[in-house]
Structures are given as structure tokens and as C-alpha cells.
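Please look at the sequence and the three-dimensional structure below before reading on. The paragraphs after them are meant to be read with both in view.

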Amino acid sequence: MATPDLARDRSREERSVSRFRLALRRFRANPMAILGLVILTALVLVAVFGPLVWHYGYTEITPELSSPPTWQHPLGTDTLGRDMLALVMRGMQQSLLIAGTVALIACALGTLLGVISGYFGGLVDATIMRIVDLVLTIPTIALAAFLGNSMSKSGVSWLGLSLVLGALFWTSVARLVRGVSLSLRDLPFIKAAKVMGAGNARIMFRHLVPNVADHIIVSTALLVGVAILSETGLSFLGFGVRPPDTSLGLLISNAQSAVLTRPWMFYAPGLLIILIVLSINYVGEGLRDAFNPKASPTNPLVTSRILRRTKATKAPASDALVSIDDLTVVFPGADKPAVSGINLSVAKGEVLALVGESGSGKSLTSLAIAGLLPIGAVQTGQVNFDSKDIGRLDFRQWRAYRGRRIATILQDPSTSLNPVLTIGAQFEESFRIAGPITHAEARRRAVELMELMAIRNPEARLDQYPHQMSGGIRQRIVIAMAMIHNPDLIIADEPTTALDVTVQAQVLDALRVARERTNAAMLFITHDLALVAGIADRVAVMRNGEIVEQQDVFSLFANPRDPYTIRLLSLAPRLGGDVATPAPRAAGETLLSVENLSRHFLRPRSQVAPGGDRTIHALCGIDFKLARGETLGIVGESGSGKTTLLTTVLGLYRPTTGRVVFEGVDLAHADAATRKQAARHMSVVFQDPYTSLDPRMTVTELLEEPARIHGMTQGMRKRALAALDRVRLPSSALERFPHEFSGGQRQRIAIARALMLDPRLVVLDEPVSALDVSIQRDIIELLGELKRDSDVAYLLVAHDLAVVAELSDRIGVMYGGQMVELGDAGQIMSAPRHPYTRALLDAVPIPDPVLERARLTGIRVPSWPTAADPLPPCPIHQH
Amino acid sequence: MLALIARRLANSIAILMLSTFVVFVLIALAGDPLGEMRDRQPPVPENVIHAEEVRLGLDQPVVTRYFRWLGGVVQGDFGPSVKPNQNIGAELAPRVSVTLRLVTVAIVIALVLALIAGTVAALFRNRWADHLISTSAFVLIALPSFWLAVLLKQLGIAINKASGYRVFFTVGDVSVPAPQDWLALVGDMAGHMILPTIVLTMIHYASWSRYQRTAIVESLSSEHVRFAVLRGLSRRRIIGSHVVRPALIPIVTVVALDLPALFSGAVITETVFQWRGMGGFLLESVANRDANAVMAWLLIAAVAVVFFNLLADIVYAIIDPRIRYGHA
């Protein structure tokens, strides 16, 4: 079975490019940064070599007192007859020397404390942050002045001054490094390293520091500028560098009364300080942009400056509500168009589903209809709405359509709503676009709409903020807002992708209600063919920017024409189909035994009403055994505890009660050395291939790391090659970096890494949910193959029943931290016993229009838990 | 909410105590306040030096001295100064209000200007308005405050001389003798404040405006702004409630963190414009190696910083509903 995404690999002839080199390229392309670098280098060279070349020393007294600039003295002389150029160069030397030293001290101290603080968290972090707070309460100048003054009678040497300033400035670096470390700490590649058995020091210095390096560099560069200003300020006040030595600040201080009479004495040092700090800041900002290029920021308020070359306007065809003719969208610099000559139409009241995987162009098409293509996109072709060309409208003209005639629902409800406005306020502003409305009337209508969406306590919700409700409710509120002005068209862009499967059913219901009430047409965009079976009237399948097939829904499912559609249909999960029949095995030796495992968290006090119960029962009495070579799949939605179960089994966290016994060793209560030993035979594959591999390491380093940690460096290279071979990746991958591979390939690398030490147990956390449907199939098949070839056991966690069903011998279903059902895969899928399992199975849409429509309108399986039959309380005592 | 405030308050006091202790020790170890006396020629008799030591409490171990000092402070007594017959507390009190005047006005003006400039620069990103605002901000950040202060002062003097008329006040925080009438007094103070405020404001306005620009640029790219556009809201409403409002929150912390820098800036500004504020007091005390005076100064500065941070935390908690209301 060929891996479909190797084409990209083969076309690369050039050497693999590290992120550092990419950053260097970006820096070079930034004109201000280069200018700053040039000026800075010039100034440094002058400061270092100038005094050697210039024939006046800075202490030398010449007979020309207070002379304005001449050829002999290009910057004039001061009242004592000293040459200003010599003085200024000496001053620059001092400033650069001191600032450089301060930056180094601050960088070293700040990085060390920041990484330790961010990595360990908890008490260590709190202590270090208190120290930072402490240091921050002291105004630098005050303390530096006093210490500098007291430490020696004749003023302090440059080193002393540097030490004092460094000891006060490290805090900004520490804060920054800590912040970044805290966010990195939770990333899968750090967790993977811990699971592999890496020690804390190794993780901090081989994984954290290189990934924080860019922030450190930027922050240190900017610190040099601040240090120069501080040192010159101190010298100005008389507490920094003192006579007979000189500093730019001292020079300015001496020139205070001479600003108008002998301006060269005042302006030369001042302008130089400005020049140095300015160039440092431009270099620093340039570095920051080079290391962390943000995705080109968009501004949807700008009247779109999309270039357009429309052909002669054809008379818009038919009475279709939306008609798209030959639409092409090209991004500058891309070799092929993102959307390529598509023709679509949506009739009034019709539901058109646009199906495709990532990169198919489906979202861009919907953005084109709503007039929100990203800046820089070049659009050709026509987009007609109700027989009018809406391709050339400006912001004001668009407002007549948006919200009123075309309503949009976006994918992630947690980011669609404004976090600082109440729900009521957001409803009201949507009402107002059609004219003034009283506060009370707006509330009344909003409540009405929310009740339609089956939202309980709508009155209370109006005064709440988005973060106070769950994803399903948020999305239903978004749908309610879409209904306000009875739009002609509702565009729903992956409305359920971010939600659990049971919540998905509720949201789809809400969409159905919205359509019925408003008689709106709907453009439903998704990657999940099964979803469209129940709602769509017609389906258009997109791939690589083109529409490969467009038919009404029944015909499409019954007689798909295009090979891509056929493939997508075959990949749509059908439950009740082939379920892995467990290979008959003799009572296998128990590899992993989880006994009465529980974990409780305490909610922060601020989130609980006083006197309320603060305990969160993340895991409650979980009990199961896993035999050698067996695959156990755990299914659950968000909040079920499946992730907590994984992290506890992996040893990332200690359980509150219970045991995790792996190969006879109690992992939860073993010491570090024993756990590391056990780690040899257990490995993990995480969900998101984009964050589970350290972006700074080559594939070789990534694969060899487990071997290095366990001291098995003999034959490492051969093992790595063998592992790559097993996951069907070429050996040329070894010298590449993760960012050069696609998602599916990265997941293969992660699997290869998990196989390096021939583990007995591989723990898989949602191994395919972050991948496209067609790639998912490949990875699942790969996992199946690997299982058959070796005796490895899988502990698989997923929210997708189909994935679990295919690979697992046994299935466990979790809800609310408890295992509600555990049994053979076949039994669970065909004859589930627990009401929740039944509800879960029912919520999965069937990729068959006839069956799915019948299911939706027929008798539904009751949801669980209900008031009458709730989740039993956790039997574990609370302490 | 109240619990949050109470906890932060307790935290702040703890930090304050710890900070004053550390600084006290540092200062005590840093140098000998009587060093100058010991070096004098002809040599000062031993018993005089010893008497001075006892007066200043230098014969006791550091920790004891700290607690004695702390005890005194709580009662308003900052301890003996190197300059005999100087009551540190009485000397500092009026100076605090002088500096506070300068610092508060500077913060308010700088903040307002920064919010406006940052927002405008972000909304017109990469157009001429942005280039103008950003470049001037960069230059201002690189500008040494003392240089700007001297420049403005001399320019003010020159303008006064050229026009023969007192256009700018360049010396002191208030005229001597001060006008009695309340309104005239305020006007007089305001006039004296113009130049120093410009100095202090410019530097901080520049860095805060850069920060705000970044915040607004990010806010413009956020999903909820895109959603607001798709709902057909007016540009004004979107910019006001959806772009700017959420982006206002983080700058509160930035301003609070910058306060010590503001104090340092105030020291320099007061020195140049010869204000009888805390800045002048500090410099004198440092020059005299007056440990108790410097401690008093640092204590007041630390209290101000801690208080402002506490205030910022509270304001943050009020305006960010995600902190104010946990999860329902």
C-alpha cells in the first residue's frame, strides 16, 4: 500500500533547511532590521577601533578650548580642551561594554531561573516569581545609585556597575522565558520526552531551552538598549562612570548649560545614544519578526482590495439564490490556484453540502460568497446572490447583505463570540443592524430564539459571558443569532467539527429548526460525508480547489461517479460493519493492570460558590486488565476522563488512589529508576503530530532519543532505519526536520519513535483525529499491520467509535470519570448494555441518506444521563 | 471578588516586608555611612565616631536593626539621618505629593495617548499613519530622558528670553512665593508641570503605544472580529466593542509593571528641573550615604509600586469577565 503523500518528499532536491536558516532569510528580507544592523556594526567598529586610530586620546588636553567642529576636531572640543570625538568614542566603548555585560548576566540568570520556574511550576515557580516581584519593586536607578556610590570611594568600576544592573535587569528575561516555558511544558513533545524516561535536566536543556532560544535572543537584544539608557542615566546623575573616565551620560551632564552656546558638546553624545539604541531596537524587532513570523495578520474591516478581472458579465442564470460562475482564487506566490474555476448554485430553500478535506478550497469558496477573502487573494469569476453580482461591494454595501440576508456560522463557537460582552449585548447589537430596538424588546426576542434552540434558562444566559457556557450551547446561540433577520442563506462552515458527537446531534437539530423557521437555503461545509447524508439536498465534492462531483444526495451515495468520491464514501465509518474479531488467545499474560484508579482535582476557590463541593472526580475507580498483544480501546467524549486516564497510566501524574501495575511493577509508587526501566517497554503516540515532535530536532535525533535515554546507543542507527522502514518512510527522511513533512508523515515518524525500543505496550492518544479522513485510513491500517507483525499491545483512546471499533479487541466506554461499560468489541458495537453506550452509538450519523433521514425523524435513543437515571456518585471517600 | 482582593493584599504586604528586608541588608552591607568621617583629616577622635555609631544604631547586628527600623516606621519614625537634626519623615512627606503629582499626570496622559496612537497605527497598518506613529515611537524609545529634559529646559529658557515673557516655567514645581488663591495655585502648578510632564510622558507613551499596536493588530485577526463583520455590524461598533475593548485589558498590567521605570524617570526629571520632590531627596541622601534616608525613600517607592500593582490586578479582575466570573 503506497503512502500517498510521498510525492512532496520526492520533489525536494535541496538540503533540508533548519528553522534557524529560515529565520535568517526572513531577517535579511527586512530592510529596517538590516539598516539597524549596519548602523550598529558601524558604531561598534568605531567604538572598538576608533580610539586606536584617532590621534587624540580622550584624556589629552589640547590648546583649543571650547572650539566648534573643525577639520582638526570633527566634533569640537569641550571646556577643558579635550577632543569631543575622542571623548565620545570612549563613552561609546564604556556604554557598549557595560550594556553588553549587563545583557549577558541578565540573559544567563534570567534564562536559568525562567526555565526552572516555568518547567517545574508549583512551589518553585511561586517562589521564583515572588523574587522577581521583589526585585521589580525597586526602581533601578535608586538602588544602583546607592550601591554604586557606596561600594567604593572613587566610584565603581565598569564590572561592578554591570553586576548591579545585571542583578536588577534579569527579571524581564526571566518573566518572558517563564511564560514561554509554561506554555511549552504542556506540549506533547515534552510529555513524550517524560514518558520516554528523560530526566528533568535533559528535558530542560535539550528541549525547552532551544525552543525558547529565539525569545531569549530577542529579549536580550532589546535589553542592551535599556541597559545603555540606564547606564547613561546613572552617569548623568553622577553615580555611574565617573571622572577621569567618561561616559556619554557624563558628557551630557557637563554640557547642560552649554546647549545653546556650545551645542556640539550637547548634541553629539545625545544623538549618538539615540542612534545606538534605535539601531539595537530595530535589530531586536527584526529578530523577533524573523523568529516568530505571525501568520500574516488580517484586517476584515479594510474594504477589500482584491484585484478582479471579470469577464463580460453574463446574464445570471435561472432563479438560483446563489450562483457561482467559474470562480478562481489565487494567492500570490502560490503555483496553483486555491480554488479553480468552480461552478455552483444554491436554489432558494435548498441545502447544498460542500464536502472536502483540508486544502480542498471549500472554506475559501464560502468566504468568497460572504465577501471575506484574505487580503491579497486574487479572485476572478462571478459570484451572484439573488441575481446581483456581489463580487465588487465595499464594506458599507456588504452590510446590507451580511447578517440580514446571508448569515454565517463559524466552526469554533469558543472564538466566535466576543469574550468581554454578555450574550444579551451581542444579541442586541445584532438586532440593531436593522434599526433601533428597545432593550426590553431585544431581550424578549432573544429569549424566544434561544427557547427555539432548546437552551434552558435563556433569561439567565442573557446576562452571562461566553466562557460560562459549554461549546454546544455557544454554538446554538450562534445559530440563534443567525436566525434573527430571517436570512435567505445560512452558511455553516464546519459547525460541528469542534464538538463532541452527542453535542453534534443537538447542534444539527438546532440547525434544522433554524432552517424550518426561516425557510433559508443552507450551504453546509464539512469534511464528514456521513453528516451530509441526513441534511443535504445536493452534495458537491471538492478536491484541490476543484469540484469533482456534484449531484443530489441520494444519487451521490447510491451511484458515485468520481473515484475520489468513491474513496471518500468507502472511508466514511460504518458502524456495525466489520469489527475486529479478537484473535483467539490463550489466557494471555497480563501486561497492564489498572486497579481501582482514581484521581481528584480541587477546583480553584474562585470558581465555586462558598461551601460548595470543590472536588472534580476526573477518574473514579477505573479497573481493567490488558493482556500481551491485546488492544483495548477507550471511548469517551470531552470531560469523560479518558485523557486523565492516559496521563496517569503513562506516569505523568500520580493517582489519588489505586495502582497502575505494568509488568508486575506498581508504576504509581515506584521510584524514578524503576519507572525509567519500565519506560523501556512502554511508549506513546500523541494526537497532534504538529506538536508531538520537537521542532528543533532532526528525524535522526528524534528517533535516537529513546535509545540514548536508556543508554542503548549500540546499533541505534540501524534501529532507526528499521523503524522508518516499518512505517513506510524513506531513509532520506533522517536528515530532515519535522516541519518539512505533512501531518500524516509526522504521525508516522511519531509511531516510528514509539517502536524504537520494541515496546510491549504502545499507548495511543487519539492517534488519527487530527488528520484528514483519507490519511486516517492509512494510519489505522499501518497500526493494524504493526499489531499483527509483533506482539505489541495497544491502549487506544479516542472519541471516534469507528476508529476504536476497527482496531480494538475490547472496548471500554467512559463518562464523567467512570468506566460505564467494558466488553468485547463485537458485543459493544452490536448489543450495548449501558444507556450511555447506546446513546453514543446512536449519535453517530449513518452515511446513507435513506437510513439517516429515517433515523433522524424516527424514534431516537434517549440521551443519558437524565434526572431520573444520573451518573452514580463516585464511591471513593473524599478526604 | 473580595476574597481575591484580600489575598492579593496579603500577598502584597508579604512582598513589601521581604523587599524592604532584602534592601535593608543590601544597603547595610554596601558601605559604611561613617566612612567619610573616618577618613577626615585631622582624624576625628574615636569617641566621637563611636557616639555617632550609637546614634545611628550601627553597633547592633543587622537583623535587630531591621526590626528596630520597622518598628519605628510603623510609628512614623524613619530613624536618625546622617545629617543631624533632620527628621526624615517630615522632610519626605511634602516631597511625596510633589512627585506623585508629576507621576500620576504623566501616566494618565501617556496612557490615553498610547491607546489612541496604538489603535490608529494598527487600524492603518503599513499606511503612512502607521509609519509615522511607529517610527516616531521608535525614536522616542531610544531617546534618553535626561537629554530630552535638558533640551526642553534650555529651549524653554531661550524662548522666554527671546520673547521677553515668561512662556515656560523651567525651574521648580511651584513659584516662590506660591500664590495663595487656590485656583491661581493650581494654575501655577500646572504651568510648572508642562515641561517635566512632556519629558516623562513621551518615553512611556512610546513603548505603551507599540504594545497597544501589537495588541490591536492581533485583535483584528481574531475570530470574533471576523464573526462580527459577518453579522453585519457597523464599522464603528466593531472597532469599539470587538477590536479595542478586549485589547484594553492586557495593557493594564504593562502600565503597572512600568511604574518603577516611571519613578526612575521622575528622579531624573526632577533633578533637571530642580523640583523639590523625591528625586532630589534621593540624590542628596545617596551622596551623603544616608542609609536611613535611602531606606525611607525605597520604602515609599516600594509601597507605591506594590499598591499600583494591586490596583492593576483589581482593575484587571473587574474589566475581564473571564476572571471576574469564573465558570458558572
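What follows goes through the two chains in turn and then stops at a few residues.

This is a predicted model, in which local features need pLDDT of at least 70 and side-chain atom pairs count only at pLDDT 80 or more, while totals for chains, interfaces and linings use all residues. Residues are numbered from 1 along each chain as its sequence is written, chains are lettered from A and ligands numbered from 1 in the order in which they are written, and side-chain values use heavy atoms, with hydrogens and water left out.

Chain A has 879 residues, of which 56% count as buried, where buried means under 20% relative accessible area, exposed over 50%, and partly exposed in between, with a 1.4 Å probe and protein chains only. Its secondary structure consists of 32 helices and 20 strands; helices (H or I, at least four residues) and strands (E, at least two) are DSSP runs, numbered from the N terminus. The C-alpha atoms of chain A fill a box of roughly 105 × 75 × 65 Å along the principal axes. If contacts (heavy atoms within 4.5 Å) are taken between residues of chain A at least 6 apart in sequence, 71% of them join residues at least 24 apart.

Chain B, in turn, contains 15 helices and zero strands, and of its 328 residues 51% count as buried. Its C-alpha atoms occupy a box of roughly 85 × 65 × 40 Å, again taken along the principal axes. About 15100 Å² of chain B is exposed, and carbon and sulfur atoms supply 66% of this area, which is an accessible area from the Shrake-Rupley method with a 1.4 Å probe (for residues, only the protein chains shown count as cover). For chain A the exposed area is about 36500 Å², with 56% supplied by carbon and sulfur atoms.

A residue that links the two chains is B:Ala142, found in helix H6 (residues 128–142) of chain B. Is B:Ala142 buried or exposed? Its relative accessible area is 0%, so B:Ala142 is buried. Apart from neighbours within four places in sequence, B:Ala142 is in contact with A:Leu229, A:Ile273, A:Ile274, A:Val277 and A:Leu278. Within its own chain, B:Ala142 is 64 residues away from B:Ala206 in sequence, and the C-alpha atoms of B:Ala142 and B:Ala206 are 9.5 Å apart in space.

Back in chain A, helix H3 (residues 31–53) holds A:Val48, which is partly exposed because its relative accessible area is 42%.

Two loops of chain A deserve a look at their backbone angles. Most residues other than glycine have a negative phi. A:Asn486, however, has a positive phi near 50° without being a glycine, and this residue lies in the loop between helix H18 (471–483) and strand E7 (489–493). With 48% relative accessibility, A:Asn486 counts as partly exposed. A:Glu663 is likewise not a glycine and has a positive phi of about 50°; its place is in the loop between strand E14 (657–662) and strand E15 (665–666), and at 28% relative accessibility A:Glu663 counts as partly exposed.
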